[in-house]
Amino acid sequence: MAGIAERKVRDLARAITLVENGGPDGLELLRRLAERARSDAERPRSHVVGITGSPGVGKSTMTAALITAFRARGQSVAVVAVDPSSPFSGGALLGDRIRMQSHSSDENVFIRSMASRGHLGGLAAAAGHVLRVLDAAGFDVVVVETVGVGQSEVEVAAAADTTIVMLAPGMGDGIQAAKAGILEIGDLFVVNKADREGAQTTARDLRQMISLATSQTDDVVAAWTPPVLTAIASTDTGIDDIVAAIADHRAWALDHGELERRRLARAREEVIATALGMVRSRIEAASSMSAFEDSVSAVAHGEADVHGAAEALVDEMGSGTGS
Ligand SMILES: Nc1nc2c(ncn2[C@@H]2O[C@H](COP(=O)(O)OP(=O)(O)O)[C@@H](O)[C@H]2O)c(=O)[nH]1
Ligand SMILES: [Mg+2]
């Protein structure tokens, strides 16, 4: 734990692997981090920026551009890239890492990729744990890049303090966004690849859809109208406006209790998912006992009822020591 506050890459990487796995050692580390956080409750918290959108819209390129912009403002940045295609975090997103390599020698930049599958308590819990470590490390900004395809990836992005939905022209993306329910989660929309034809049309369509959606909400005064910006991530064009919009949203969310509401929602999900992971591993431990096999056999042969067998398993689990 010693090196986390100093942002030592090796210690951070090790800590993240521990909490990501969701095992007892990781939970113990989280307990110690929470203990230390309590003694320093006034410290500034990381601002979590979620970036989501279809594969290829330019999320990683945008993330790299944002790192440069935040660093130029003296802010430290951590990136968590969630890749749904790879079950191994070690091998995920190699291309992204290479692309972001220009920042690799800077101790105020930390980049980590994370597989979206294979976590004991699910992706939301694992991502929540990872964010806790990065927060303890004192990063000013944490960018979470997720592919907006799977429900759990979208949920992770939506749980951010500020969520950026990225689109690109000519992919029918505006309509796709509406269909995928991505329209509701964006605090800020970026139409990237503005060097290509159709970017302004896509932006206009989006604005129309957003104004339609926000005109239907009753809380007009408090409502945030998500801005739609255009950018060319590959040439660092439009990045300053995005950084400014992130700051605007943060200020609004702070003022309207939205930041607090999201942090509560995130913590709630994390606690429930972690508890489910614990229950699952206890059930697995209890179900490996021979008494369980006997009761399964009895259920299969109609000699016992499912409910009774499940109850016995739960009782056994409760008395077990698995965690
Ligand atoms: N023309 C153009 N290409 C871009 C832009 N931003 C990113 N790209 C390219 O689009 C491809 C996909 O980008 P990437 O950042 O990997 O997308 P991701 O899958 O959303 O992370 C890469 O070849 C980028 O170089 C842009 O603004 N304009
Ligand atoms: Mg990417």
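This is a short guided tour of the structure above, stop by stop, for you to follow in your viewer.

**Start with the whole chain**

Keep in mind that the model is predicted. Show the chain as a cartoon and look for its 12 helices and 7 strands. The chain has 323 residues, and 44% of them are buried. How are contacts spread along the sequence? Among contacts between residues at least 6 apart, 77% join residues at least 24 apart.

**Stop 1: the magnesium ion**

Select ligand 2, the magnesium ion, then show Ser60 and Glu145 as sticks. The ion is coordinated by the OG atom of Ser60 and an OE atom of Glu145, at 2.2 Å. Now colour the elements that carry these two residues: helix α3 (residues 59-72) holds Ser60, while strand β4 (residues 141-147) holds Glu145, so the pair ties together parts that are 85 residues apart in sequence.

Are these two residues buried or exposed? Ser60 has a relative accessibility of 7%, so Ser60 counts as buried. Glu145 is buried too, with a relative accessible area of 6%.

**Stop 2: Asn192**

Next, select Asn192, in the loop between β6 (188-191) and α8. Turn on a surface and look for this residue: its relative accessible area is 3%, so Asn192 is buried. Which backbone atom does its side chain reach? Draw a distance from the side chain of Asn192 to the backbone nitrogen of Ala233, and you should find 2.9 Å.

Then show the surroundings. Leaving out residues up to four places away in sequence, Asn192 touches several others, including Val57, Gly58, Met62, Met166, Pro169 and Ile232.

**Stop 3: Trp224**

Move on to Trp224, which sits in the loop between α8 (199-215) and β7 (228-230). Its side chain reaches the backbone oxygen of Asp187 at 2.7 Å. Asp187 is also one of the residues that Trp224 touches, beyond those up to four places away in sequence; the others are Thr214, Ala245, Asp248, His249 and Trp252. For one more distance, pick the C-alpha atoms of Trp224 and His256: they are separated by 9.7 Å, and the two residues are 32 residues apart along the chain.

**Stop 4: Asp236**

Select Asp236, in the loop between β7 and α9 (239-255). Is it buried, partly exposed or exposed? At 47% relative accessibility, Asp236 counts as partly exposed. Now add Leu66 to your selection. Asp236 and Leu66 are 170 residues apart along the chain, yet their C-alpha atoms are separated by 8.6 Å.

**Stop 5: Ser46**

Go to Ser46, found in the loop between α2 and β1 (47-53). With a relative accessible area of 4%, Ser46 is buried. Setting aside its neighbours within four places in sequence, the contacts of Ser46 include Leu134, Asp135, Phe139, Val142 and Arg263.

**Stop 6: the second largest pocket**

Finish at the second largest pocket, which holds about 730 Å³ of space. To find it, select Ala37, Arg43, Arg45, Arg132 and Asp135, which lie nearest its centre among the 25 residues of the lining. Then colour α2 (24-38), α5 (123-136) and α10 (258-287), the elements that give two or more residues to that lining.

What classes of residue line the second largest pocket? Colour the lining by class and you can pick out 12 nonpolar, 2 polar and 11 charged residues.

How values were computed
Residues numbered from 1 in each chain as written. Chains lettered and ligands numbered in written order. Predicted model: local features only at pLDDT ≥ 70, side-chain atom pairs only at ≥ 80, totals over all residues. Heavy atoms only, no water. Helix = DSSP H or I, 4+ residues; strand = E, 2+ residues; numbered from the N terminus. Contact = heavy atoms within 4.5 Å. Polar contact = N/O pair within 3.5 Å; in protein donor to acceptor, adjacent residues only side chain to side chain. Donors = N, O, S within 2.8 Å, 3.2 Å for Na, K, Ca; no water. Buried < 20%, exposed > 50% of the residue type's maximum accessible area, 1.4 Å probe, protein only. 1 Å grid on protein atoms, 1.4 Å probe; cavity = no way out; pocket = protein on both sides within 12 Å on 5 of 7 lines; lining within 4 Å. Points joined across faces, edges and corners; volume = space filled by probe spheres on them. Nonpolar A, V, L, I, M, F, W, Y, C, P; charged D, E, K, R; others polar.
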